[in-house]
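Let's talk through this one together, asking at each step what justifies the wording. Ready to begin?

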Amino acid sequence: MAAPLRIAFLGECMIELYEKPGEAPGTMHRTVGGDTLNAAVYCRRALGSDPAVDVHYVTRLGDDPFGREIPAFIEAEGVRTTHVHLATGETTGLYAISRDAHGERSFAYWRSTAAARRLFTDGREDALADELAAFDALYFTGISLAILPPEGRQHLLGLGERMKQAGRIVGFDGNYRPRLWESADAARETIAAAHGVATLTMPGLDDEQALYGDRDAHAAAERLLGFGASAAIVKSGGEPAVVAEPGNVRQIAGRKAERIVDTTSAGDSFNGAAMAVVLKGGSLDRAAEAGHRMASAVIGEYGAIVGREATVWPDGPLS
């Protein structure tokens, strides 16, 4: 029997706090979230119980009480934690979500000293890169890069380029968060380099427009290919996604959600399901269709990682 494919989702996960409408003021629900962890969980759920793919999460956590709980949370989702490092004496990040009447969210963060910021600068960076380079796929985001110091960013970009050159799958989402970057110019340059090492980049149009001023998703997709991405899927909320490969740009229709209560993790869940399709050898069109399907279910529930019932696909991402 062939060894399973291995994909590493790399970045920061945090304690998540959120409120539900109608509850007493100050009532907060606590769970776990973070863009790359969200994507990893939804990738695993889209894959169902398929043993042919192992989904791994890569991060550093503080050894505070909350941080020590997180690996068990991740493992309960079927995601492997071999590369989740508990850092002695360090802390785990935290964020709180606020929402408007349409389910659109805003965030407040407490992460400036989070352990994940030293993921590629803690003395283990070369060994970690060597281990991950042997994986079949890697996924990271602009947030994964933003939280790192410049030398850490170069280590991560170098890993992506190394894997791409070796014929591996490299997934990326720009996920631009201005507050995490020292300047827009630094973000623009670093995220452009990351698009360039990706075999599939899946940004949201709003993030790309904020950085590069694209007139529409087609223009963004063409620019991403110009940066060096092998392929791109540009997301525009519930609107059609634009799928681009050299010489072929087309639209894949969105999927109407039954209800929208919380758009947290819409893009992350899209990307996780799309990566599941790519890992199974499916087309980019099927990847975008799977992304729409997963995101439309996720935005009907509260929190970044929602209940399993509507988001586990027993028959896999190509069903």
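Q: What makes the charged end of R293 count as sitting over the ring of W313?
A: The charged end of R293 is 3.8 Å from the centre of the W313 ring. A charge sits over a ring if NZ of Lys or CZ of Arg is within 6 Å of the ring centre and within 35 degrees of the ring normal, so R293 over W313 earns the description. A word on the source: this is a predicted model, where local features need pLDDT of at least 70 and side-chain atom pairs count only at pLDDT 80 or more, while totals for chains, interfaces and linings use all residues. Residues are numbered from 1 along each chain as its sequence is written, and side-chain values use heavy atoms, leaving out hydrogens and water.

Q: Over which ring does the charged end of R111 sit?
A: That is the ring of Y109, with the charged end of R111 4.3 Å from its centre.

Q: Why is the pair of F9 and Y139 called tilted?
A: Rings of Phe, Tyr and Trp (its six-membered ring) pair if their centres lie within 6.5 Å; planes under 30 degrees apart are stacked, over 60 edge-to-face, and the rest tilted. By this rule there are 4 aromatic pairs. One of them is F9 with Y139, at 5.1 Å centre to centre and 45° between the planes, so "tilted" is the right word.

Q: What does the pair of F9 and Y139 tie together?
A: F9 is in strand 1 (residues 5-10) and Y139 in strand 8 (residues 137-141), so the pair ties together parts 130 residues apart in sequence. Helices (H or I, at least four residues) and strands (E, at least two) are DSSP runs, numbered from the N terminus.

Q: How do you know whether F9 and Y139 are buried or exposed?
A: Buried means under 20% relative accessible area, exposed over 50%, and partly exposed in between (1.4 Å probe, protein chains only). F9 has 0% and Y139 has 0%, so both count as buried.

Q: Why is the pair of Y95 and Y109 called tilted?
A: Their ring centres are 5.9 Å apart and their planes are at 35°, so this pair is tilted. Y95 belongs to strand 6 (residues 94-99) and Y109 to strand 7 (residues 105-110), 14 residues apart. Y95 is buried at 4% relative accessible area, whereas Y109, at 30%, is partly exposed.

Q: How do you know that strand 1 and strand 4 pair?
A: Two strands pair if DSSP finds at least two bridges between them. Strand 1 and strand 4 (residues 53-62) have 6 bridges in the parallel sense, so they qualify. Here F9 stands opposite Y57. Strand 1 is also joined to strand 8 by 3 bridges, again parallel, with I7 opposite A137.

Q: What makes the chain as compact as a globular protein of that length?
A: The chain has 10 helices and 13 strands. Its radius of gyration (over C-alpha atoms) is 18 Å, close to the 20 Å that the globule rule (2.2 Å times the number of residues to the power 0.38) gives for 319 residues, so the description fits. Buried residues make up 57% of the 319 residues.

Q: Why is S230 called partly exposed?
A: S230 has 33% relative accessibility, so it falls between the buried and exposed cut-offs. S230 lies in the loop between helix 8 (217-227) and strand 11 (232-234). Not counting residues up to four places away in sequence, S230 touches several residues (heavy atoms within 4.5 Å), including K164, A198 and E245.
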